[in-house]
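Colleague: Could you walk me through this model, one feature at a time? I would like to learn how to read each of them.

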Amino acid sequence: MSQIANIPDKGEKMRVVILGGGFAGMKLIQKLDRTKYQVVLIDKRNNYQFQPLLYQVATSGIEPSSISFPFRKIFQKQQGLYYRMCKAISVDRSRNTLITSIGEVEYDYLVIAIGCDTNYYGNTKLCCNTLTLKSTGEALNIRNAILQNMENAMNTADDELRRELLNFVVVGGGPTGVEMAGAIAEMKKFVFPKDYPQLDQSEIMIYLINGMDRVLSTFDASLSAKTEGHLKNLGVQVINNLFVTDYDGSTIMLSDKSTLKTKNVIWVAGVAPNHIKGLSDESMLKNGRILTDDYNQVKGEQHIFALGDIAFVENGKDNEQVAQVAMQQAANLAHNLNNGLTDKRAFIYNNKGSMATIGRNAAIAEIGKYKFSGFMAWFIWCFIHLRSIFGLKNKLTVFIDWVWSYITYDQSLRIISKPIKECEEEEKEPTDI
Ligand SMILES: Cc1cc2nc3c(=O)[nH]c(=O)nc-3n(C[C@H](O)[C@H](O)[C@H](O)COP(=O)(O)OP(=O)(O)OC[C@H]3O[C@@H](n4cnc5c(N)ncnc54)[C@H](O)[C@@H]3O)c2cc1C
């Protein structure tokens, strides 16, 4: 018989199992009526991550702990809520049971909110050799790589190797790619000349490679043009209409067969939905997302819902994979579940607008019919992101980091943080027996 996960009995209540504690899962937890439901959160990580600011961790702008929040700390004083750190493997729909790495979890309702991971489009070499940005751990990897390669560039007398180390390539012209390239360019402008004065700064090159004909292709074309102009002013070489087809850790191959030598490739060129086994063919779309009706109920299922990046609402006008969609779907589902699924409310997305930041004093915003850029957009971007961060202490920490780097033009967290383990066997003196 399979093992049952160690979770207290639900008693008289119904049990809602939430799979994934990201934007959707956390909003649902916040809104569900726990006098009616016992809530069980399953997540393979032990913390909720605020992904929009990961790029700032990667470029030493803010501390990882300011945007990663341990579930156990968030839930400390909460009743009727159980969190288990484990990986969900499959759903047994016939028994209303979720199979996880710690055993089986029965549910009355299952809510799947497992989000997305990086998409390498099936290229394992890209997966092995590039840096990505989907979690705090990956952001720290980028931070380590940037700083380590700057140190290696200082240490080498080999001109070709030095140029390779100083070439920074960001792949993907969406908001994350633009933010990442802009932030590295600001390090080049404000930080590297002070930290590495002996380096010839003109050797540091930043490329943004984008498969579309313009960056930020989901925004209005005028904003894309402004963004490209600003990136160019910052010294970023924007290459449109080309795909990266291969990277062996040293040479990038582009779709026009040209090549570029670099030790730093940051891959933010797309996302692919995470996968859970056991759902019906009817509900699994070819692109890996889960098909739902207007109430986020999985097609053909009575007890399973899907939210956020993983969900595709069949009649949805807007199925964008963004935080606002995830949170609004969760709030709507909480409303329906709290009403016992009677008199259900269909999900209608209230698009509050889109923003992306390009660097200091520069961002773009598209809010309804209003499109603007520059300092005002950047200020609103800062305000909205600060407001969305969990906890007063974290808001304050990020705010202080931002103000400090704004005034001093200097990020404060340039630490290479990885273990240096030297396990060589010590030469032992022969012993007489
Ligand atoms: C770098 C970056 C920047 C972004 N910037 C913005 C932005 O500025 N604005 C915006 O609106 N959106 C932004 N997004 C997109 C936004 O983060 C997503 O749309 C949002 O996170 C989706 O929420 P979700 O709840 O569906 O999934 P997520 O927030 O990704 O949460 C999924 C959760 O499921 C867990 N999980 C996955 N698989 C399993 C499993 N098998 N078992 C157990 N647990 C599992 C994960 O650990 C994770 O905690 C950004 C994304 C990234 C990566």
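Colleague: Let me start with a strand pair: which residue in E9 is the bridge partner of Leu 19?

Modeller: Strands of a sheet pair through backbone hydrogen bonds, either parallel or antiparallel. Here Leu 19 has Ile 112 in E9 as its bridge partner. Strand E1 (residues 14-19) and strand E9 (residues 109-112) run parallel and are joined by 4 bridges. Two strands count as paired if DSSP finds at least two bridges between them. The element names are DSSP runs numbered from the N terminus, with helices (H or I) of at least four residues and strands (E) of at least two.

Colleague: And the numbering and reliability?

Modeller: Residue numbers start from 1 along each chain as its sequence is written. The model is predicted, so local features need pLDDT of at least 70 and side-chain atom pairs count only at pLDDT 80 or more, while totals for chains, interfaces and linings use all residues.

Colleague: In what order do the strands of the parallel sheet lie?

Modeller: The order is E5-E2-E1-E9-E21, an open sheet of 5 strands. Strand E5 (81-85) and strand E21 (304-306) are the edges, each pairing on one side only. Neighbouring strands are turned by 20° against each other on average, direction ignored; axes are lines fitted to C-alpha atoms, for helices over the stretch in contact, and angles between N-to-C directions run from 0 to 180 degrees.

Colleague: Is H1 mostly covered or mostly open?

Modeller: Mostly covered: 7 of the 9 residues of H1 are buried, that is, 20 or more other C-beta atoms lie within 10 Å of their own (exposed is 12 or fewer, partly exposed in between, with C-beta atoms placed from the backbone). Among them are Phe 23, Met 26 and Lys 27. The buried residues of H1 pack against E1, E2, strand E3 (47-49), E5, E9 and H9, where contact means C-beta atoms within 7 Å, placed from the backbone.

Colleague: Which residues come nearest the ligand?

Modeller: Gly 20, Gly 22, Gly 115, Gly 308 and Val 322 do, out of 31 residues around the ligand; a residue is near if its C-beta atom, placed from the backbone, lies within 6 Å. Helix H1 (23-31), strand E2 (37-43), helix H7 (175-195) and helix H9 (323-338) each give two or more residues to this shell.

Colleague: Why does the ligand lie between the domains?

Modeller: Domain 1 (14-44 + 86-118 + 272-338) and domain 2 (124-269) both give residues to the shell, so the ligand lies between them. The bounds come from an automatic or database domain assignment. Their centres, taken over C-alpha atoms, are 35 Å apart.

Colleague: What about the antiparallel cases: which residue stands opposite Glu 366 in E25?

Modeller: Lys 371 does, and 4 bridges join E24 to strand E25 (residues 370-373). On the other pairing, strand E23 (residues 354-359) is joined to E24 by 5 bridges, with Ser 354 partnered by Glu 366. Both pairs are hairpins: E23 and E24 have 2 residues between them, and Asn 361 in the turn has a positive phi of about 65°. E24 and E25 also have 2 residues between them, with Gly 368 at a positive phi of about 60°.

Colleague: Why is E24 called largely enclosed?

Modeller: Because 5 of the 6 residues of strand E24 (residues 362-367) are buried, the rest of the structure largely encloses E24.

Key. Two residues are in contact if their C-beta atoms, placed from the backbone, lie within 7 Å.
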